[in-house]
Amino acid sequence: MLSIVVPALYALFVWWLGTGIILYLDRLPARTYRWSLIGAAGTLAAGIYGLVLTSTGASVAHAYCGFTCGVFIWGALEMSYFMGLVSGPRKAPCPPDCAGWQRFWLAVGTSLYHELSVLATGILLAALCWGEVNQVGVWTFNILWIMRWSAKLNVFLGVPNLHTDWLPEHLRFLQTYMGQRPMNRLFPLSVTIATVGVVLLIGTAQDAAPHSFTSAGYILAATLLGLAVLEHWFLVLPLPDEALWSWAFKGGGGDGGADPRGYSDAARQQRASLSLIAIREQ
């Protein structure tokens, strides 16, 4: 049992702490972003170096290190978007009469450069770790990436819980690309496929030897994917998810933050981060 509980708790802790740190830093005054981004650049470099360094090892410790590095890399990339370093060519609200594919492509333009940077990073990680025994870090990055895009598409198509009060001022225009409705057709498909993935990962972990590299790696990935599913449910259920990071909301609040009475998709996108995961997205 410990071979399942321990890695699951570790993944939960890294997700919770990493998301909280990003939320806290994003709410600080904009003048602090330079230092936060310098720290993020260092974290990105350390994450890539650590991921490559541990990719050749097949111990439980290597699985934990790969997972942590994958989260570090993702978090640094998300900070680059939310702090305005890398976004997209479009920084204007959606025209009132815009709909369908035109609205979709305009929405893509709000984060196109960031998405390309994420794609380039994903290709780089896959190339650097190609053929190595430890792919946990690459799995981690890909889970965060895929589930972040799933969350973004669901927010675009329409969900009940947008909470746009927490959007930073320079991203406030993103709310014009969001839809608000009780449900969309993609949501059931998103959570069903991801939930099946969680079950399959857990089953594979249970077939492996307890306390082994394989068992730890699959449980870490399954937990992260399960947390991404939970974040999707936060988009449609009336749950006080902001209480998970109340300590992060108490800090900051300067000119880079927003009214603490709400909770926005900017915050959500940072989680599916990390939640990271996205962190819910624009």
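**Reasoning through a predicted model**

Mentor: Let's start with two cysteines: the sulfur of C65 is 6.4 Å from the closest cysteine sulfur, which belongs to C69, and that is too far for a bond. Keep in mind that this is a predicted model.

Trainee: How do you know that C69 is in no disulfide?

Mentor: Look from the other side: the cysteine sulfur nearest to that of C69 is the one in C65, 6.4 Å away. A disulfide needs two sulfurs within 2.5 Å, so C69 is in no disulfide.

Trainee: How many disulfides does that rule give?

Mentor: The count comes to 0 disulfides.

Trainee: What makes C65 partly exposed?

Mentor: Its relative accessibility is 37%. Partly exposed covers the range between 20% and 50%, so C65 belongs there.

Trainee: And C69, is that one buried or exposed?

Mentor: C69 has a relative accessible area of 11%. Buried means under 20%, so C69 is called buried.

Trainee: Which residue of helix α2 has its C-alpha 4.4 Å from that of C69?

Mentor: That is G47, 22 residues from C69 along the chain. G47 sits in helix α2, residues 33-54. Its relative accessibility is 0%, so G47 counts as buried.

Trainee: Let's turn to the aromatic rings. How many aromatic pairs are there?

Mentor: A search of the whole structure finds 12 aromatic pairs.

Trainee: Why is the pair of F104 and W105 called edge-to-face?

Mentor: The ring centres of F104 and W105 lie 5.1 Å apart, and their planes stand at 75°. Pairing asks for centres within 6.5 Å, and edge-to-face asks for planes over 60 degrees apart. Both conditions are met, so F104 and W105 are an edge-to-face pair.

Trainee: Which of the two is buried, and which is exposed?

Mentor: F104 counts as buried because its relative accessibility is 19%, under the 20% limit. W105 has 55%, and exposed means over 50%, so W105 is exposed.

Trainee: What makes F104 and F156 an aromatic pair too?

Mentor: Their centres are 5.8 Å apart, with 80° between the planes, and the pair is edge-to-face. Again the distance falls within 6.5 Å and the angle is over 60 degrees.

Trainee: Why do you say that this pair ties together separate parts of the sequence?

Mentor: F104 lies in helix α4 (residues 100-109), whereas F156 lies in helix α6 (residues 136-157), so the pair links parts that are 52 residues apart in sequence. Both F104 and F156 are buried. These two also belong to one aromatic cluster together with W101 and W105.

Trainee: What sits over the ring of F156?

Mentor: The charged end of R103 does, at 4.0 Å from the ring centre. The distance limit for a charge over a ring is 6 Å. K152 is placed in a comparable setting: K152 lies over the face of W149, at 4.9 Å from the ring centre.

Trainee: Now the second largest pocket. Which elements give two or more residues to its lining, and how much space does it hold?

Mentor: About 180 Å³ of space lies in the second largest pocket. The elements giving two or more residues to its lining are α6 and α7 (186-207). The lining includes N142, I143, M147, S190 and L225.

Trainee: How do the lining residues divide into nonpolar, polar and charged?

Mentor: There are 7 nonpolar, 4 polar and no charged residues.

Trainee: What makes I143, one of the lining residues, buried?

Mentor: Its relative accessibility is 14%, so I143 counts as buried. I143 is in helix α6, and its C-alpha is 7.6 Å from that of L224, which is 81 residues away along the chain.

Trainee: What is notable about the phi angle of H211?

Mentor: H211 has a positive phi of about 60° although it is not a glycine. H211 is found in the loop between α7 and α8 (213-234). At 57% relative accessibility, H211 is exposed.

Trainee: How would you sum up the whole fold?

Mentor: The protein has 10 helices and 1 strand. Of its 282 residues, 55% count as buried.

Conventions
Residues are numbered from 1 along each chain as its sequence is written. This is a predicted model: local features need pLDDT of at least 70, side-chain atom pairs count only at pLDDT 80 or more; totals for chains, interfaces and linings use all residues. Side-chain values use heavy atoms; hydrogens and water are left out. Buried means under 20% relative accessible area, exposed over 50%, partly exposed in between (1.4 Å probe, protein chains only). Rings of Phe, Tyr and Trp (its six-membered ring) pair if their centres lie within 6.5 Å; planes under 30 degrees apart count as stacked, over 60 as edge-to-face and the rest as tilted. Helices (H or I, at least four residues) and strands (E, at least two) are DSSP runs, numbered from the N terminus. A charge sits over a ring if NZ of Lys or CZ of Arg is within 6 Å of the ring centre and within 35 degrees of the ring normal. On a 1 Å grid over the protein atoms alone, a cavity is a set of points where a 1.4 Å probe fits but cannot get out, and a pocket is an open set with protein on both sides within 12 Å along at least five of seven lines; lining residues have an atom within 4 Å of a point. Grid points are joined across faces, edges and corners, and a volume is the space filled by probe spheres set on the points. Ala, Val, Leu, Ile, Met, Phe, Trp, Tyr, Cys and Pro count as nonpolar, Asp, Glu, Lys and Arg as charged, and the others, Gly among them, as polar.
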